[in-house]
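Hi there,

Here is the structure I promised to pass on to you. Have a look at it first, and then read on for what turned up in it.

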Amino acid sequence: MLAAILISAAAMTAIVALRYIAASGAFAWVTGRVRPGYHARLGPQIRREIGWSLASAAIYGIPAGVVAWGWQERGWTRIYSEWDEFPLWYLPVSLFVYLFLHDTWFYWTHRLMHRPRWFGLAHGVHHASRPPTAWAAMSFHPIEALTGAVVIPLLVFFVPVHVAVLGLVLTVMTVMGVTNHMGWEMFPRALVHSRLGGWLITASHHQLHHEKYRCNYGLYFRFWDRLCGTDRGLSPHA
């Protein structure tokens, strides 16, 4: 049993690492085409970002691998694979629930990480990326990586989710984590400045966080930032 768990954890770590390299590498390439010179003289920073991110991949991958083994071998989780196990309307509902709960966890732990003690101990690693690049999406100190690594594995024990929806949650998490750190806005201005866009976080919103630090803490939605008075709008530089 222990060997199977270790194999699952190692496999998931490899998947997380390869997913990071593929997603961040793709958007870094796009950045080079859209914003030539943006990464100029950032070689040492990018190497640090990749190093921290690969360490984070293990911290994310190990609990995910243990949970994946428990789902397959012991039925521990609320993950399901049959389409008719829950009504079809529950599919988009569960997607939103997972994203909202993840966003809630991220907002409050992120604010905690900006307290002086925690910033100096852990979160400063992420903000050492000046300016952030697509490679910074997982550039975390192990303490901060651990706070991010536990939320989805915990949710699958309590909130039913179809395996395909769970895959979509992880895709959204990966894509938004990367695109929010590119330093420029890839989404159309019409969307970003629309009524819907006013509730979504994209690079323009998160870039201001990296510029001013004490605002714009969310991951997917601007709900908590608006409710708590920490939303400062969009960066003019993204």
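R41 sits in the loop between α1 and α2, and α2 covers residues 43-74. This is a predicted model, so please keep that in mind as you read. The backbone at R41 has a phi near 65 degrees, which is a positive value in a residue other than glycine. Is R41 buried or exposed? With 80% relative accessibility, R41 counts as exposed, because the cut-off for that class is over 50%.

A second residue makes a good partner for that one. N216 also has a positive phi, of about 50 degrees, although N216 is not a glycine. N216 is found in the loop between α9 (203-212) and α10. The relative accessible area of N216 is 0%, so N216 is buried. If you click on R41 and then on N216, you can look at an exposed residue and a buried one, each with a positive phi.

While you are looking at loops, go to the one between α4 and α5 (142-149), where P131 has its place. The peptide bond that runs from R130 to P131 is cis, and its omega is near 0 degrees.

Now for the helices. Helix α1 (residues 2-34) and helix α7 (residues 163-179) have axes that come within 10 Å and cross at roughly 45 degrees. That angle is not under 35 degrees and does not reach the 65 to 115 range, so α1 and α7 are oblique to each other. The crossing of α1 past α7 is right-handed. Which residues make the contact? On the α1 side they are R19, A23, S24 and F27, and on the α7 side L170, M173, T174, V175, V178 and T179. Sorted by type, the residues of this contact are six nonpolar, three polar and one charged.

Helix α3 (residues 90-113) and helix α4 (residues 116-127) give you another pair to look at. Their axes come within 8 Å and cross at roughly 110 degrees. An angle from 65 to 115 degrees counts as roughly perpendicular, and therefore α3 and α4 are roughly perpendicular to each other. H110, L112 and M113 of α3 meet W118, F119, A122 and H123 of α4. Here the residues of the contact divide into five nonpolar, two polar and no charged.

Two residues of α3 deserve a visit of their own. H110 lies in helix α3, and at 4% relative accessibility H110 counts as buried. Leaving aside residues up to four places away in sequence, H110 touches H123, H206, H209 and Y217.

D103 has its place in helix α3 too. At 1% relative accessibility, D103 counts as buried. Leaving out residues up to four places away in sequence again, D103 touches G218, L219, Y220, F221 and W224. For a sense of distance, D103 and V161 are 58 residues apart in sequence, and their C-alpha atoms are 17 Å apart in space.

From D103 you can step straight to W224, since the two touch. W224 is in helix α10 (residues 223-228). Its relative accessibility is 17%, so W224 counts as buried. Apart from residues up to four places away in sequence, W224 touches F100, D103, T104, Y107, W108 and T230. In contrast to those contacts, the C-alpha atoms of W224 and Q72 are separated by 35 Å, and the two residues are 152 apart along the chain.

One last thing to find is a charged pair. Side chains of opposite charge can pair when their charged atoms come close. How many salt bridges does the count come to? The count comes to one salt bridge. D231 forms a salt bridge with R222, and the closest N and O atoms are 2.8 Å apart. Are the two partners buried or exposed? D231 has 18% relative accessibility, and because buried means under 20%, D231 counts as buried. R222 is buried as well, with a relative accessible area of 7%.

Happy exploring, and send me your questions whenever you like.

Best wishes

Key
Residues numbered from 1 in each chain as written. Predicted model: local features only at pLDDT ≥ 70, side-chain atom pairs only at ≥ 80, totals over all residues. Heavy atoms only, no water. Axes fitted to C-alpha atoms, helices over the stretch in contact; angles between N-to-C directions. Helix = DSSP H or I, 4+ residues; strand = E, 2+ residues; numbered from the N terminus. Parallel < 35°, antiparallel > 145°, perpendicular 65-115°, else oblique. Left-handed = near helix turned anticlockwise from the far one by under 90°. Contact = heavy atoms within 4.5 Å. Nonpolar A, V, L, I, M, F, W, Y, C, P; charged D, E, K, R; others polar. Salt bridge = Lys/Arg side-chain N within 4 Å of Asp/Glu carboxyl O. Buried < 20%, exposed > 50% of the residue type's maximum accessible area, 1.4 Å probe, protein only.
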